[in-house]
2 protein chains.
Amino acid sequence: MTSGDELLKVLATLANPHRLRVLAALSGERDYVSRLARELGISRPLLQVHLRKLEAAGLVTGRAEVSEDGKAMKFYEVNPFRIELTPQAIEAAVRTLTVPGEEKGDR
Amino acid sequence: MTSGDELLKVLATLANPHRLRVLAALSGERDYVSRLARELGISRPLLQVHLRKLEAAGLVTGRAEVSEDGKAMKFYEVNPFRIELTPQAIEAAVRTLTVPGEEKGDR
DNA sequence: GGCATGTGCTAACTTTTCTTTGCATGTGCC
DNA sequence: GGCACATGCAAAGAAAAGTTAGCACATGCC
């Protein structure tokens, strides 16, 4: 199920200090964007970009909720995952890597 | 022993299709630069750049040798590794992440 | 010598990624 | 209304990474 392209995407997503910190912060408990940005000491727009990438890679999930006092808030939480990186695992993943020229379609 | 910075470096190194292919190719048996470039269908300078990054991350090792017919050749082989990626592992790694401002020195 | 093979380097261009700035929306409360 | 808090988006600039092109060197063989 985990194709080489997906692995590549996850690796590219994890290869960033901000995103690792976001994952670490959310690892304990879920949080909403503004608060998380304050805790990490980064701007909200920047955090949003990274959260979007993390979500696109399937590492976190965002849920829009409305707080008691009516504020629209977006909570993010970590999706459990476990990826084992070994030369053999990579060898297997590479076999399902998409080549620039040939798309997933036929021909 | 594996600091967050090292993990980050390895992740950044692995997050590239060429480098994954190089690892996969070397996973079976070691090879020298020119031949590897032909097999992967990429230019030699490009391969060298990627090999250097892989070596800098500690994933492969290069050895200069002289073939029977006197040609100077550089063989690369994969260094065995096993990295487990989970939210908990990342949380632990982040604790040893270097912050831009504060270097490994004190103050 | 000329050609095929191997190595190395790096300047320069292209592409991608990261980050900031700025503006839009909405709610509750004094 | 005005302020504090929440969300969203996107243009534009800055920084990093990837890639190519071109040069250098050496050896063996016809």
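**Two chains and two DNA strands: a walk through the model**

Good morning. I begin at the surface near DNA strand D, whose residues divide into nine nonpolar, six polar and five charged. Please keep in mind throughout that this is a predicted model. Around DNA strand D there are 20 residues, and those that come nearest are A:V33, A:S34, A:P45, B:P45 and B:G70. The elements that give two or more residues to this surface are α3, α4 and β3 of chain A, together with α4 of chain B.

Turning to the other strand, 21 residues surround DNA strand C. The closest of them are A:P45, A:G70, B:V33, B:S34 and B:P45. Here α4 (44–56) of chain A gives two or more residues, as do α3 (33–40), α4 (44–56) and β3 (72–78) of chain B. By class, the surface near DNA strand C has nine nonpolar, six polar and six charged residues.

Let me now take α4 of chain A by itself. With 13 residues at 1.5 Å a residue, α4(A) should span 18 Å, and its end C-alpha atoms are indeed 18 Å apart, so the expectation and the model agree. Which residues of α4(A) are buried? They are A:L47, A:H50, A:L51 and A:L54. Viewed down the helix axis, the buried residues of α4(A) fall within an arc of 105 degrees, and therefore line one face of the helix. The general background is that an α-helix has 3.6 residues a turn, so residues three or four places apart point the same way.

The buried residues of α4(A) pack against α1 (4–14), α2 (17–28), α3 (33–40), β2 (60–66) and β3 (72–78) of chain A. On the face turned away from that buried side, α4(A) carries the exposed residues A:P45, A:R52 and A:A56. A:P45 was also listed among the residues closest to DNA strand C, and among those nearest to DNA strand D. After α4(A) comes A:G58, whose phi is positive, near 80 degrees.

For comparison, consider one residue in helix α4 of chain B, namely B:L46. Is B:L46 buried or exposed? B:L46 is exposed, because 12 other C-beta atoms lie within 10 Å, and a residue counts as exposed at 12 or fewer. B:L46 and B:H18 are 28 residues apart along the chain, yet their C-alpha atoms are separated by 9.3 Å.

Next, the sheet. In chain A, three strands form an open sheet in the order β1-β3-β2, with antiparallel pairing. β1 (31–32) and β2 of chain A stand at the edges with a single partner strand each, so one side of each is left without a neighbour in the sheet. β2(A) and β3(A) run antiparallel and are joined by seven bridges. Within this pairing, A:R63 stands opposite A:F75 in β3(A).

Finally, I come to the contact between the chains. It takes 26 residues from chain B and 26 residues from chain A. On the side of chain B that touches chain A, the elements giving two or more residues are α1 (4–14), α2 (17–28), β4 (83–85) and α5 (87–94) of chain B. The residues on that side divide into 19 nonpolar, three polar and four charged. Strand pairing also crosses between the chains: three bridges join β4 (residues 83–85) of chain A to β4(B), and the two run antiparallel. In that pairing, A:L85 stands opposite B:I83 in β4(B).

Thank you for your attention.

Conventions: Residues numbered from 1 in each chain as written. Chains lettered and ligands numbered in written order. Predicted model: local features only at pLDDT ≥ 70, side-chain atom pairs only at ≥ 80, totals over all residues. Near = placed C-beta within 6 Å. Helix = DSSP H or I, 4+ residues; strand = E, 2+ residues; numbered from the N terminus. Nonpolar A, V, L, I, M, F, W, Y, C, P; charged D, E, K, R; others polar. Expected span 1.5 Å × (residues − 1). Buried ≥ 20, exposed ≤ 12 C-beta atoms within 10 Å, placed from the backbone. Arc of directions from axis to C-beta. Contact = placed C-beta atoms within 7 Å. Pairing = 2+ DSSP bridges.
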